[in-house]
Amino acid sequence: MRTSFLIATCLSFALNCFAVSNSWAAEVPAAGKSPRIDAIRKSGVLRVAVLHNMPWLVENTSGKGAKWSGPAWLLANAFAKQLGVRLQEVAVSHETKIPVLAANQVDIAITPLAESPERLKVVDFVHYSNTSVCVFGLKSNPKFSKAKTVDDLNSADVTIAFLLGAVEETWVKGRFNKAKHRGVITSSVIPIDDIMSGRADAAPINRVQWPALQAKLSVLAILPTENNCQDSKEKSQPIGMAIDKGQDVFRTWLEATTSELSKEAQAEEARVIKASGTP
């Protein structure tokens, strides 16, 4: 079952796949072990909450090709295939993506969610990725170009720009406590104007956003440099899907299946990020 699923997935997402075994290591729990799994199999559908969040769950609104892609969709299809049921998407909003679980309107919220102490009180997470921050600046700016690591930017002669009120504001002030800080208000999602004008030497950017900006502005450089910043651990936060509390057997099986497909999920995420950086 797994081989046929992965072949179909690879053709759909244009991934480079490798030979795999004909069976799943993560066996579905037997009947009676998980009320949730029993209910899913009885209904014949796996209900998943969906909401676009690039690069983990991407909605195609063109009307051509598959409607959804991304690692979360790949994993959801794997869950459904292994359970022998149909995948049923349930559209949610930012306000309802957590409450739908307790209301039993979905089995899994596959819309990508960042783990937080508040959310952990009401849901359990199945992690498969992470979000993190990079720092960019002009290649021609010696204050940035001479820096070899993010730590090198924590200097009194370096100015770090950030969007006022954005989640990076507190991080910048703590991470670069020796540097000068420049809070800005702009319609852009990053303070690019301050970097281009020289009013600031560096600014934070989510690792997911960097390839697209890099494709548009080749005059920019990034830190950390490894894997084009996609392996950054700066302000790292786990990303995953969520299920309602109290479903330990279901969660353990989801985690095992996710772990088994980790390479495929990572490859799909990389594909989406690369595609987003195409001019």
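This section describes the secondary structure, packing and backbone geometry of the protein in a predicted model.

The secondary structure of the protein comprises eleven helices and twelve strands. Of its 279 residues, 48% are buried. When contacts between residues at least 6 apart in sequence are considered, 69% of them join residues at least 24 apart.

Five of the strands are assembled into an open sheet of mixed pairing, with the strand order 4-1-5-12-6. Strand 4 (86-91) and strand 6 (123-131) form the edges; each has a single partner strand, and one side of each is therefore left without a neighbour in the sheet. From one strand to the next, the twist averages 30°. Within this sheet, strand 5 (residues 108-114) and strand 12 (residues 237-244) are paired in the antiparallel sense, over three bridges. A109 has A242 in strand 12 as its bridge partner. In general, the strands of a sheet pair through backbone hydrogen bonds, in either a parallel or an antiparallel arrangement.

A further antiparallel pairing is found between strand 7 (residues 133-138) and strand 10, which are joined by four bridges. In this pairing, F136 stands opposite A203 of strand 10. Strand 10 (residues 203-206) directs A203 and I205 one way and P204 and N206 the other way, and all of these residues are buried. Burial is thus found for residues pointing either way from strand 10.

V133 is located in strand 7. Its relative accessibility is 3%, and V133 therefore counts as buried, the cut-off being under 20%. Apart from its neighbours within four places in sequence, V133 is in contact with E168, W171, P204, I205, N206, R207, S232, E234 and K235. Among these partners, P204, I205 and N206 belong to strand 10. E168 lies 35 residues from V133 along the chain, and the C-alpha atoms of the two residues are separated by 8.5 Å.

Helix 2 (residues 35-43) contains three buried residues, R36, I37 and I40. These residues lie on the same side of helix 2, because they cover an arc of only 95° around the axis. P35 and K42, on the other side of helix 2, are exposed. The buried residues of helix 2 pack against strand 1 (45-50), helix 3 and helix 10. Strand 1 is itself a member of the five-stranded sheet, where it stands between strands 4 and 5 in the order. Helix 2 is followed by G44, which has a positive phi near 85°.

Helix 3 and helix 10, both of which are packed against by helix 2, also meet one another. The axes of helix 3 (residues 71-83) and helix 10 (residues 248-260) come within 10 Å and cross at roughly 115°. This crossing is right-handed. On the side of helix 3, the contact is formed by L75, F79, Q82 and L83, which meet W253, L254, T257 and T258 in helix 10. The residues of this contact divide into five nonpolar and three polar, with no charged residue.

The backbone geometry also merits description at several positions in the loops. Most peptide bonds are trans, and most residues other than glycine have a negative phi. A cis peptide bond joins M54 and P55, with omega at about 10°. P55 is placed in the loop between strand 1 and strand 2 (58-59). A cis peptide bond also joins L223 and P224, where omega is about -5°. P224 is situated in the loop between strand 11 (220-223) and strand 12.

The loop between strand 11 and strand 12 also holds N228. Although N228 is not a glycine, its phi is positive, at about 55°. With a relative accessibility of 28%, N228 counts as partly exposed. N104, likewise a residue other than glycine, has a positive phi near 60°. N104 is located in the loop between helix 4 (99-102) and strand 5. Its relative accessibility is 41%, and N104 therefore counts as partly exposed.

Terms used. Residues are numbered from 1 along each chain as its sequence is written. This is a predicted model: local features need pLDDT of at least 70, side-chain atom pairs count only at pLDDT 80 or more; totals for chains, interfaces and linings use all residues. Side-chain values use heavy atoms; hydrogens and water are left out. Axes are lines fitted to C-alpha atoms, for helices over the stretch in contact, and angles run from 0 to 180 degrees between N-to-C directions. Helices (H or I, at least four residues) and strands (E, at least two) are DSSP runs, numbered from the N terminus. A crossing is left-handed if the near helix is turned anticlockwise from the far one by less than a right angle, and right-handed if clockwise. Contact means heavy atoms within 4.5 Å. Ala, Val, Leu, Ile, Met, Phe, Trp, Tyr, Cys and Pro count as nonpolar, Asp, Glu, Lys and Arg as charged, and the others, Gly among them, as polar. Buried means under 20% relative accessible area, exposed over 50%, partly exposed in between (1.4 Å probe, protein chains only). The arc is that of the directions from the helix axis to the C-beta atoms. Two strands pair if DSSP finds at least two bridges between them.
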